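The exercises below concern the empty spaces and one helix of a single structure. Please work through each task before reading its solution.

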Amino acid sequence: MVIACFFFYQYYYSRYHGKKHNNIVFGLTGLLLFSVNYFANSGINGSTDLIWPAYLLMLFAISPYRHYLTWLVIYIAAFVILHMVEYQYPALVQYPFTAGKGQFIDRITAFPLPVIAIYFIISFIKRSYDKERVIVELKNNEILLQKGLLEQSNAEKNKLMSIISHDMRAPLINIQGYLELLNEHELDNTQRVVLEKDLLAATNNTMQMLTNLLYWTKSQMEYPTVNLQEVNLASVLKSTLDLEKMLAIKKGITLTYDINEKIIVIADTDMLQLVVRNLVNNAIKFTPKGGNITISAQALAHKVKLTVSDNGKGIAEAEQQHIFRVTSDPSFGTNNEKGVGLGLLLCKEFIERQGGSIGFGSTFGQGSSFFIFIPAKVE
């Protein structure tokens, strides 16, 4: 009982306090116990030989791998020596049990000890193996996932570069051609106005494309700092929406917005303006002349829903699941406007970094509604 209490003490401090147990003490104590019990309990005719292998298995379970062979040699040697001593000096062996009933009780009570010990040890080893196997599988799955994401990211960037290399050259070639015309030919006022109007539209589209590209590149190279603060939604977006309204008028589109001046949100001003600007630009791009665009804000519990709706082309159902990814092919607007396809990706990244979310609803041929949820000031 004293030895059992000592072992329990070692187990408790090892299991719950991180204090390393001493497997040498455990191993030597076993040798002492078995040596005494062997001669005190009928020697080779007793139950000591039944318990011996189970104790050695327990010793293996709590010992480092490098000690296995040492303990195996020591215990086999001790086992052989004890039996040789008994063979040479049989008088040293005591027989506390009578033949028949005594031996029966001794074996019946001794047999469960090694069996129970083996059960717990094998269960422990199997659980440890299963746990390690699951960890390895999770790590392998994580590596495969990271590899897949890396390949997907590289594919998206390659696609992006191919789009940029094509679309960035187009307006520059147009400007070059216009300058060559000016040098080689005399253009009347009507021709000049038409060409300059087309060049201006192409240049504005390219500037928007370049702006989105620079923001996206920065977000990939370094995690942008998000400066969240309480701001008045109407005041923050007024200048952006007034500018977009002028662009809509040039295309013959009616743009209206209705934002309660009392709404206070928690947002990064620059990021919020970029998100709204991209959403409204998309609405203008895909709405034909004579169309309508409305921007509204609705105060909800702990957040504000800002909606940009149009009655333009809408989004085909097959394209809807890809619109927030670089892999989506940029679509042409109603006046053949084209972007890189980064606008909505930036909207999603930037609104989520502010603690918000983005969604949409669209019917092809009837229009689209994009909405963002922004954290609101809680009174």
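**Exercise 1.** Which element gives the most to the lining of the second largest pocket?

Solution. The model is a predicted one. Begin with the pocket itself, which has a volume of about 1400 Å³ and is lined by 31 residues, with Phe7, Phe26, Met58, Ile62 and Ala117 lying nearest its centre. Next, list the elements that give two or more residues to this lining, namely helix H1 (2–17), helix H2 (23–40), H3 and helix H6 (112–167). Of the elements, H6 gives the most to the lining of the second largest pocket, with eight residues. Finally, sort the lining of this pocket by class, which yields 20 nonpolar, eight polar and three charged residues.

**Exercise 2.** Find what span helix H3 should have, and set it against the distance between its end C-alpha atoms.

Solution. Helix H3 covers residues 48–62, 15 residues in number. The expected span is 1.5 Å times one less than the number of residues, so for H3 it comes to 21 Å, and the end C-alpha atoms are 21 Å apart, which agrees. As a further step, pick out the buried residues of H3, those under 20% relative accessible area: they are Thr48, Trp52, Ala54, Tyr55, Leu56, Leu59 and Phe60.

**Exercise 3.** Describe the lining of the largest cavity by residue and by class.

Solution. The count comes to one cavity of 30 Å³ or more, and about 40 Å³ of space lies in the largest cavity. Its lining consists of Ser42, Asn45, Gly46, Phe97, Gln103, Asp106 and Arg107. By class, this lining has one nonpolar, four polar and two charged residues, with Gly counted among the polar ones.

Terms used:
Residues numbered from 1 in each chain as written. Predicted model: local features only at pLDDT ≥ 70, side-chain atom pairs only at ≥ 80, totals over all residues. Heavy atoms only, no water. Helix = DSSP H or I, 4+ residues; strand = E, 2+ residues; numbered from the N terminus. Buried < 20%, exposed > 50% of the residue type's maximum accessible area, 1.4 Å probe, protein only. 1 Å grid on protein atoms, 1.4 Å probe; cavity = no way out; pocket = protein on both sides within 12 Å on 5 of 7 lines; lining within 4 Å. Points joined across faces, edges and corners; volume = space filled by probe spheres on them.
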